[in-house]
Amino acid sequence: MIGQPGEWLLVKGIAAGILVAAPVGPVNVLCAARSIARGWRAGIVSGFGAAAAAAVFAAIAALGLGLVMDFLTAHRAELSLAGAAFLFVYGLRTLIARPPAPDGGADAGGAEDAGDAASAFLLTLANPITVFSCVGVYVACGIQADSRVDVGDAQLVAGVFLGALVWWLAVATAASRLRARFAGGGFVWANRV
């Protein structure tokens, strides 16, 4: 990162992470729905997976991995189709899901946490809009790659991860506070929406 002080890279990374995570899309809906249905932990674990995917994109941008970006651009149609298929299956499962028991399914943990994080990670990676929004946000923040890997790259990636995680923390917290307002029928309608 030529001519950019390290502390500004961390701040730019945090801003970029929030900007990449903030647009309402399938991952925001996923995080909010899991927070409402199963509690704060399910939402933040999903957000952690999405933040990790944002960090992967930040690493690609910071390290100037042109081959990866060229591949993503060249296979945009295939990636869009794969992402759409993933979203369709997830949406269908959500649509037909039964509401949780009034006291069941709250903050289960364990293997369910791993599945929540992994599915949000994969959904974020499979969403081509995320790829192109990352590129746009990084350009807008003045983030550019150079030919070397240094501490600035690590600061940038860490900043993007932290910024995205801050966003997911806010989403999970807000949605889990709404949880008490949903009864069985409310969950069904929330899933349909």
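Residues are called buried under 20% relative accessible area, exposed over 50%, and partly exposed in between, with a 1.4 Å probe and protein chains only. The structure is a predicted model, in which local features need pLDDT of at least 70 and side-chain atom pairs count only at pLDDT 80 or more, while totals for chains, interfaces and linings use all residues. Residues are numbered from 1 along each chain as its sequence is written, and side-chain values use heavy atoms, with hydrogens and water left out.

**Exercise 1. Describe the secondary structure and the overall burial of the protein.**

Solution. Begin with the elements, which are DSSP runs numbered from the N terminus (helices are H or I with at least four residues, strands are E with at least two). By this rule the protein has nine helices and zero strands, and the order from the N terminus on is α-α-α-α-α-α-α-α-α. Next take the burial, where 37% of the 193 residues count as buried. Then turn to contacts, meaning heavy atoms within 4.5 Å: of those between residues at least 6 apart in sequence, 90% join residues at least 24 apart.

**Exercise 2. Characterise the exposed surface and locate a nonpolar patch on it.**

Solution. Accessible areas come from the Shrake-Rupley method with a 1.4 Å probe, and for residues only the protein chains shown count as cover. The protein exposes about 10100 Å², of which carbon and sulfur atoms supply 72%. For the patch, the rule takes residues with over 30% relative accessible area and no salt bridge, joining like charges within 9 Å and nonpolar side chains (Val, Leu, Ile, Met, Phe, Trp, Tyr) within 5 Å. A nonpolar patch of about 510 Å² is made by Phe88, Val89, Leu92, Leu95 and Ile96. One of these residues, Val89, has its place in helix H5 (residues 76-96).

**Exercise 3. Find the aromatic pair and state which helices it connects.**

Solution. Rings of Phe, Tyr and Trp (its six-membered ring) pair if their centres lie within 6.5 Å, and planes under 30 degrees apart count as stacked, over 60 as edge-to-face and the rest as tilted. The count under this rule is one aromatic pair. Phe48 and Phe161 form this pair, which is edge-to-face with 5.4 Å from centre to centre and 90 degrees between the planes. Because Phe48 lies in helix H3 (residues 40-62) and Phe161 in helix H8 (residues 151-177), the pair ties together parts that are 113 residues apart in sequence. As for its environment, Phe48 is partly exposed, with a relative accessible area of 45%.

**Exercise 4. Work out which salt bridges involve Arg38 and what they join.**

Solution. Side chains of opposite charge can pair when their charged atoms come close. The criterion for a salt bridge is a side-chain nitrogen of Lys or Arg within 4 Å of a carboxyl oxygen of Asp or Glu, and a search of the whole structure finds four. Arg38 forms one of them with Glu112, the closest N and O atoms being 3.5 Å apart; Arg38 lies in helix H2 and Glu112 in helix H6, so this pair ties together parts that are 74 residues apart in sequence. At 17% relative accessibility Arg38 counts as buried, whereas Glu112 is partly exposed at 34%. Arg38 also meets Asp116 in a salt bridge (2.2 Å, N to O), and since Arg38 lies in helix H2 and Asp116 in helix H6, the pair ties together parts that are 78 residues apart in sequence. Asp116 is buried, with a relative accessible area of 5%.

**Exercise 5. Analyse the surroundings of Asp113, then identify the salt-bridge network.**

Solution. Asp113 is found in helix H6 (residues 111-126). Not counting residues up to four places away in sequence, Asp113 touches Arg41 and Val45. The side chains of Asp113 and Arg41 meet in a salt bridge (2.6 Å, N to O); Asp113 lies in helix H6 and Arg41 in helix H3, so the pair ties together parts that are 72 residues apart in sequence. Asp113 is buried, with a relative accessible area of 13%, whereas Arg41 counts as partly exposed at 35%. Finally, salt bridges that share partners join Arg34, Arg38, Glu112 and Asp116 into one network.
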